[in-house]
Amino acid sequence: MSATRVPVLSNNVLAAMPKAALKLMRAQLEPVDLVYGQILYEPAQRIAYVYFPLDCLVSLLTVVDEHQALEVGMVGNEGMVGMPMVLGIGVSAVRALVQGSGTALRMGAARFHAEFKANPALQRALFRYTHLLMAQVSQTAACNRFHLSEERLARWLLMTADRVHTEEFLLTQDFLANMLGLRRVGVTRAAGDLARKKLIRYSRGHMYILDRPGLEASACSCYRIVRDLQDAAQI
Ligand SMILES: [Zn+2]
């Protein structure tokens, strides 16, 4: 997503585990480079791997009428991609799309299933993350219904920046429109409003956050609610 990113080499779920348990598990985790636009799962497909993002970002999209998709959640190094596996379900309900290139640690589904059953520390960390992801998804649903485009765009940019650990990323307007469920003209207008306030700069597919406190003030309350929950859960 950006060449200027500072690499992040930890994942909060894994970091919450005791060292000895993590050491045993590390041997089963394989580093993998995920690339912008890569699809990890489609709805109703079997989950082959779970992923612990380190510095990549994965969007969870609900697909409607086979061609329209809306982002309902995003996962960075605070979580894991493949959460149905935690509930004993081996099939994805959503499309998982890599939105920010980077590295993740992955584990085969069968291995994860065995590890999860035998590892109470991993269970605790993932139960906490299940709660956080459900809170994020339900907040996003309400946000899409009630909040203005400009506020939603500000929220989305902040959530993305938090997960890719940079204030500058590549982004097309079509992609943003799909993520936010807006028409392209709606994205242009919302981005224009934020740019006029000198909170962002957007040119030729490059998004720069210029004034983070200002962008936080322009975002809807959903951003703060989800971030506070995450801070309170401290996984
Ligand atoms: Zn909102």
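Reader: What makes V63 a good place to start, and which residue in β5 is the bridge partner of V63?

Author: Happy to begin there. In this predicted model, V63 has A69 of β5 as its bridge partner. That pair belongs to the antiparallel pairing of β4 with β5 (residues 68-75), which extends over seven bridges. Two strands count as paired once DSSP finds at least two bridges between them, so the seven bridges of β4 and β5 qualify.

Reader: What lies between β4 and β5 in their hairpin?

Author: Three residues separate the two strands of the hairpin, and D65 in the turn has a positive phi of about 55°.

Reader: How do you know that β4 also pairs with β6, and in which sense do they run?

Author: Five bridges join β4 (residues 57-64) to β6 (residues 95-100), and the two run antiparallel. With at least two bridges required, the five found here are enough, so β4 and β6 are paired. L57, for instance, has G100 of β6 as its bridge partner.

Reader: Why are β1 and β3 called edge strands?

Author: Each of them, β1 (30-34) and β3 (49-53), pairs on one side only. They belong to an open, antiparallel sheet with the order β1-β7-β3. Neighbouring strands in that sheet are turned by 40° against each other on average, direction ignored. β1 is joined to β7 (residues 102-108) by five bridges, and E30 stands opposite R106 in β7. Helix α3 (residues 109-118) packs on this sheet, where it touches β3 and β7, and its direction makes about 75° with that of β7.

Reader: Why are α6 and α7 described as roughly perpendicular?

Author: The axes of α6 (residues 173-180) and α7 (residues 184-196) cross at roughly 100° and come within 9 Å. Angles of 65 to 115 degrees count as roughly perpendicular, and therefore the description fits α6 and α7. On the α6 side the contact is made by Q173, D174, L176, A177 and L180, and on the α7 side by R184, V187 and T188. These residues divide into four nonpolar, two polar and two charged.

Reader: What makes the protein as compact as a globular protein of its length?

Author: The protein has nine helices and 10 strands. Its radius of gyration is 17 Å, close to the 18 Å that the globule rule gives for 235 residues, so it is as compact as a globular protein of that length. The C-alpha trace spans about 55 × 35 × 30 Å along its principal axes.

Reader: How many of the residues count as buried?

Author: Of the 235 residues, 39% do; the cut-off is 20 or more other C-beta atoms within 10 Å of a residue's own.

Conventions. Residues numbered from 1 in each chain as written. Predicted model: local features only at pLDDT ≥ 70, side-chain atom pairs only at ≥ 80, totals over all residues. Axes fitted to C-alpha atoms, helices over the stretch in contact; angles between N-to-C directions. Helix = DSSP H or I, 4+ residues; strand = E, 2+ residues; numbered from the N terminus. Parallel < 35°, antiparallel > 145°, perpendicular 65-115°, else oblique. Contact = placed C-beta atoms within 7 Å. Nonpolar A, V, L, I, M, F, W, Y, C, P; charged D, E, K, R; others polar. Rg over C-alpha atoms; globule rule 2.2 N^0.38 Å. Buried ≥ 20, exposed ≤ 12 C-beta atoms within 10 Å, placed from the backbone.
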